Amino acid sequence: MGIIEKLKEMLRDGEVTPEKVKKFIDMVPPYQEDKNDPAFLTGKELDEVRNRNLRVQMELCAKYSPYYHELFKECGIDAPSIKTIDDLEKLPLTTKLDYMKNPEAFKLKLDLTRPFYELILWDLTMTTGTTTGIPSIFWNTTHDFYAQTLFFIRSSKISWAVPGEDITFNAFPLGPIPHMAYIRTLTASLAAGCAVVAGHTGMPHPDFPIHRRLDDAIKLMEAYKCTAALGIASYMRRFVMRAQEIGADFSHVRGIHALGEPCPKGMRDDMTRRLEELGADSPTIGNAYGFTECQGAFPECAELAGCHNPDPSLYFIEVVNPETGERLAEGEQGHVAVTHINRRGTVLLRYLLGDIGKVTYEPCPYCGRTSERMMPISGSIYSTRTKELVKLKGTLINPGLLMDAIENIGGIVEYQVVFTKVDPSDPYSLDKLVIRVAPTGEIPSEKLKASITEAVLKAAEMRPEIQFVSSPFEIFDPRQSLKATRILDQRPVMK
Ligand SMILES: [Zn+2]
């Protein structure tokens, strides 16, 4: 019996316990040999490892980071005085704007006395969604790439990947920007010792016919009997729905990592059911907290158990008040900041990721890991973009809550939340909340309309107008865009 079969047997009751995790690790040689996994250290041991790395990182930043060298001078910060993770509070926060202004200023300019591995630029990825429209570069040296490879062995361990048996399907599109998700899904699979197949869907290029159609990608995944697929959450759902339409055999699929955006419980259950209809045996749908600045993702060990930092010796996450820079108490909701504590290419300290989230440093009751976990902020959603907090009819509403409420209803193929005006030609008319819905059935039911109205009323404290559309493509066309636009603000910008 292979390890996957044994694992299925062990997790048949759905319970994840520290004992089962230990048993699993002992079954898989690369995991078993990783004796120094910092995610299992005691709190005190972990602090020591982190503080040691932080001190080196601070010294390097003071000496070699053009941005932090200047900042420390300007603010009168004595780098050697930042000795512990707690001392970080003395440092100002770094914003996306600071980084985007000059990404190169965050790359360490090491001199030739440094080790070879630190001096070699291995690769780079770019971040999308900048306000200027120009992607920012994030550089990795060989040191960083090796560190990241170990990070991926550890993250694969958290998400129960089995080296030598699992075959990953990379469903991230092949796009014009070297995005972290596409590149690192390959890196991560290879790091873990898993085979990997890529769909190469995406926006066609006029001269280079290199992209595959969705149906061809599905057939490729079926032909290789891939056991796991990784992709953008809303895209993966459409991927599975299309697989149902063309009658694909997904009996080999263990699970889907629905990434890049929230994947609420209702959406997970919907996808699980569809995978079961495609022949999968007890499949799981995982969500994770991924960001370019960690070149990967923090995965879950069990559904909604929190997104675990796979390697706390590389990254430290804190939740802060963006105005004062103060660290918030554990479990409080605020702005998420990451600090690199063992990097040599691009290095960021107390960098605001642009997300509202919650963190816990308590050991995970499911797997026993002691590294920090991002916890759900509302319902089953881990984070919401800061820019997505919107004011409607004078009330600040959280679209994350709204999305969670709608996703949990069922009977919906696609939906979109639209903020608009009662009279679109009059910018000063009242705000209006519209929910566009592509229902599962042919004819939208009054019952569905009532359920959506009630859920929205509860989540946003206002009555929406429900508009049914006849095709899900009217809301999200995977051939045109990477992600479904769940929130659309059509109101004119007030000057
Ligand atoms: Zn856990």
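These exercises work through a predicted model, each with a stepwise solution.

**Exercise 1. The zinc site**

Task: Identify the protein donors of the zinc ion and classify their arrangement.

Solution:
- Step 1. List the donor atoms. They are Cys301 (SG), His308 (NE2), Cys364 (SG) and Cys367 (SG).
- Step 2. Check the distances. These donors lie 2.1 to 2.3 Å from the zinc ion. The cut-off for a donor here is 2.8 Å.
- Step 3. Check the angles. The 4 donor atoms subtend 101 to 116° around the zinc ion. Four donors count as tetrahedral if all angles lie between 85 and 135 degrees. The arrangement is therefore tetrahedral.
- Step 4. Read the spacing in sequence. The donor residues follow C-x6-H-x55-C-x2-C.

**Exercise 2. Cysteines, buried or exposed**

Task: Decide whether Cys301, Cys364 and Cys367 are buried or exposed.

Solution:
- Step 1. Set the threshold. Buried means under 20% relative accessible area.
- Step 2. Take Cys301. Its relative accessible area is 5%, so Cys301 is buried.
- Step 3. Take Cys364. At 3% relative accessibility, Cys364 counts as buried.
- Step 4. Take Cys367. At 2% relative accessibility, Cys367 counts as buried too.

**Exercise 3. Disulfides**

Task: State how many disulfides the structure holds, and explain why Cys226 forms no bond with the closest cysteine.

Solution:
- Step 1. Give the count. The structure holds 0 disulfides.
- Step 2. Find the closest sulfur to that of Cys226. It belongs to Cys194, at 11 Å.
- Step 3. Compare with the cut-off. A disulfide needs cysteine sulfur atoms within 2.5 Å. Cys194 is therefore too far from Cys226 for a bond.
- Step 4. Add the environment. Cys226 is buried, with a relative accessible area of 0%.

**Exercise 4. A sheet of 3 strands**

Task: Give the strand order of the sheet that contains β10, β15 and β14, and name its edge strands.

Solution:
- Step 1. Write the order. The sheet runs β10-β15-β14. It is open, and the pairing is antiparallel.
- Step 2. Pick the edges. β10 and β14 (359-360) each pair on one side only.
- Step 3. Look at one pairing. β14 and β15 (residues 373-374) are joined by 2 bridges.
- Step 4. Find a partner. Val359 stands opposite Met374 in β15.

**Exercise 5. Pro312 in its loop**

Task: Place Pro312 and describe its surroundings.

Solution:
- Step 1. Locate it. Pro312 sits in the loop between β10 (307-308) and β11 (315-320).
- Step 2. Judge exposure. Its relative accessible area is 0%, so Pro312 is buried.
- Step 3. List contacts, leaving out residues up to four places away in sequence. Pro312 touches Pro38, Ala39, Leu46, Arg50, Ile341, Ser371 and Glu372.
- Step 4. Compare sequence with space. Pro312 and Val49 are 263 residues apart along the chain, while their C-alpha atoms are separated by 8.8 Å.

**Exercise 6. Met203 as a second loop case**

Task: Repeat the analysis for Met203.

Solution:
- Step 1. Locate it. Met203 is in the loop between β4 and α10.
- Step 2. Judge exposure. Its relative accessible area is 54%, so Met203 is exposed.
- Step 3. List contacts, again leaving out residues up to four places away in sequence. Met203 touches Pro176 and His211.
- Step 4. Take one distance. Met203 and Thr168 are 35 residues apart in sequence and 22 Å apart in space, C-alpha to C-alpha.

**Exercise 7. Helix α8 and strand β2**

Task: Test the length of helix α8, then describe how covered α8 and β2 are.

Solution:
- Step 1. Compute the expected span. Helix α8 (residues 142-158) has 17 residues and should span 24 Å at 1.5 Å a residue.
- Step 2. Compare. Its end C-alpha atoms are 24 Å apart, which agrees.
- Step 3. Count buried residues. In α8, 14 of 17 are buried. In β2 (residues 136-141), 5 of 6 are buried.
- Step 4. Pair the strand. β1 (residues 121-127) and β2 run antiparallel, joined by 6 bridges. Met126 has Ile137 in β2 as its bridge partner.

**Exercise 8. Positive phi**

Task: Give the phi values of His200, Lys225 and Trp160, and place each residue.

Solution:
- Step 1. Recall the background. Most residues other than glycine have a negative phi.
- Step 2. Take His200. Its phi is positive, about 50°. His200 lies in the loop between β4 (195-198) and α10 (214-223).
- Step 3. Take Lys225. Its phi is positive, near 50°. Lys225 lies in the loop between α10 and β5 (228-232). At 53% relative accessibility, Lys225 counts as exposed.
- Step 4. Take Trp160. Its phi is positive, near 65°, and Trp160 follows α8.

Notes: Residues are numbered from 1 along each chain as its sequence is written. This is a predicted model: local features need pLDDT of at least 70, side-chain atom pairs count only at pLDDT 80 or more; totals for chains, interfaces and linings use all residues. Side-chain values use heavy atoms; hydrogens and water are left out. Helices (H or I, at least four residues) and strands (E, at least two) are DSSP runs, numbered from the N terminus. Buried means under 20% relative accessible area, exposed over 50%, partly exposed in between (1.4 Å probe, protein chains only). Contact means heavy atoms within 4.5 Å. Two strands pair if DSSP finds at least two bridges between them. Donors are N, O and S atoms within 2.8 Å of the metal (3.2 Å for Na, K and Ca); water is not among the atoms, so sites may look incomplete. Four donors count as tetrahedral if all angles lie between 85 and 135 degrees; four count as square planar and six as octahedral if opposite donors are over 155 degrees apart and all others between 65 and 115; anything else is irregular. The expected span of a helix is 1.5 Å times one less than its number of residues.
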